[in-house]
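Open the model in your viewer and keep the sequence panel beside it. Each stop below gives a selection to make and then says what is there.

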Amino acid sequence: MVSNEDQNALLEVLGRIATALEAMQPPVQPRPDFEAATAFRWHPAKAAPANSRQIQSSGTFEPLKLDALALEDILGVDEQKARLMANTQAFARGRWANHALLWGARGMGKSSLVKSIVKSITDEGISIKLIEVSRAALNHLDQLVGFLSEQPFRYILFCDDFAFEDGDERYRSLKSSLDGSVASRHQNILIYATSNRRHLLSRDLGENAGTTATNPGDEVDERISLSDRFGLWLGFPACDQATYLSIVERHAANFQIALSRDELRDLALKWARTRGARSGRVAYQFVIDLASQTDR
């Protein structure tokens, strides 16, 4: 017969074992509240050890305010705007759509266009989510895709301002997602990327001088083929003077800048010369500078 003291000791031991087992379990991850916002920044979870029984976390989703320009204020890229809108609307409505690569000159509205189109579609009452994925998080992209594929919304993974230098192997994770897991099985996920480079990776054979490949040319072809995985390519060339001035006038009207047309254009051209470029971003920054001057 077990004494009361022995029973108490046994219960204490069992309690300690239960506490230890609970401590070994991974923390319960709260379900992301995708109703809280339209845009999110994804922070991947740390990977569990290979011999661990822990369930991989989905990471965390930081809600963001979708600060987007009105579509009509993005000028000089009408064809690109129409094609990306049609692709995104098809995806939002459950039809087939292509992953999209927006490449070209700096400051010509690539990132702004993605955000503005998503906002325009959601303003129509169609639910779609924009998930910002940093270059540093690419190694965990399969983790994100696997999680989102089981969620009820439709998601655009937004990879902004991407370019990969020599020795950066993270492009392989993006290529894998574009090549198979996203395109063929997960119809609620699309990838949009922006870059100043058409091929995201340098074509220079010199970058691959240290490669161990039998044919270095094959290695280069394999690397630059990343852009081929995007079904929709949209180029954003640098704008000419007329387009630049049109953008300036549009923003100046929105900010109610009280200058004559000739004075506004003259100042805008001087501003562009100091920046060494003409672009939508330069035009917007110029008008912001004017708006900050109370005597204007």
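The tour visits a strand, then some charged pairs, then a helix.

This is a predicted model, in which local features need pLDDT of at least 70 and side-chain atom pairs count only at pLDDT 80 or more, while totals for chains, interfaces and linings use all residues. Residues are numbered from 1 along each chain as its sequence is written, and side-chain values use heavy atoms, with hydrogens and water left out.

**Stop 1: strand β6**

Select residues 189-195, which make up strand β6. Helices (H or I, at least four residues) and strands (E, at least two) are DSSP runs, numbered from the N terminus. Of the 7 residues in β6, 7 are buried; buried means under 20% relative accessible area, exposed means over 50%, and partly exposed is in between (1.4 Å probe, protein chains only). Show the side chains: Ile189, Ile191, Ala193 and Ser195 point one way, and Leu190, Tyr192 and Thr194 point the other way. Both sets are buried.

Now add residues 100-104, strand β3, which pairs with β6 in the parallel sense over 4 bridges. Two strands count as paired if DSSP finds at least two bridges between them. To line the two up, find Ala100, which stands opposite Tyr192 in β6.

Next add residues 155-159, strand β5, which runs parallel to β6 and is joined to it by 5 bridges. Here the landmark is Leu157, opposite Ile191 in β6.

**Stop 2: charged pairs**

Side chains of opposite charge can pair when their charged atoms come close. The whole structure holds 8 salt bridges, each being a side-chain nitrogen of Lys or Arg within 4 Å of a carboxyl oxygen of Asp or Glu.

Select Arg41 and Glu62, whose closest N and O atoms are 3.3 Å apart in a salt bridge. Arg41 lies in strand β1 (residues 39-43) and Glu62 in strand β2 (residues 60-64), so this pair ties together parts that are 21 residues apart in sequence. Arg41 is partly exposed at 29% relative accessibility, and Glu62 is partly exposed at 32%.

Add Glu132, which meets Arg41 in a salt bridge of 2.8 Å, N to O. Glu132 is in strand β4 (residues 129-132), so its pairing with Arg41 ties together parts that are 91 residues apart in sequence. Glu132 is partly exposed, at 26% relative accessibility.

Move to Glu249 and Arg261, which form a salt bridge of 3.1 Å, N to O. Glu249 belongs to helix α7 (residues 241-254) and Arg261 to helix α8 (residues 261-275), so the pair ties together parts that are 12 residues apart in sequence. Back at the earlier selection, salt bridges that share partners join Arg41, Glu62 and Glu132 into one network.

**Stop 3: helix α8**

Select α8, which has 15 residues and reaches 21 Å from its first C-alpha to its last. That is close to the expected 21 Å, the expected span being 1.5 Å times one less than the number of residues.

Which residues of α8 are buried? Leu264, Ala268 and Ala272 are buried. They lie on the same side of α8, because they cover an arc of only 70 degrees around the axis, the arc being that of the directions from the helix axis to the C-beta atoms. An α-helix has 3.6 residues a turn, so residues three or four places apart point the same way.

Turn to the other side of α8, where Asp262, Arg273 and Thr274 are exposed. To see what covers the buried residues of α8, show α7 and α9 (280-291), which are among the covering parts. End at Gly276, which follows α8 and has a positive phi, near 70 degrees.

Terms used: Contact means heavy atoms within 4.5 Å.
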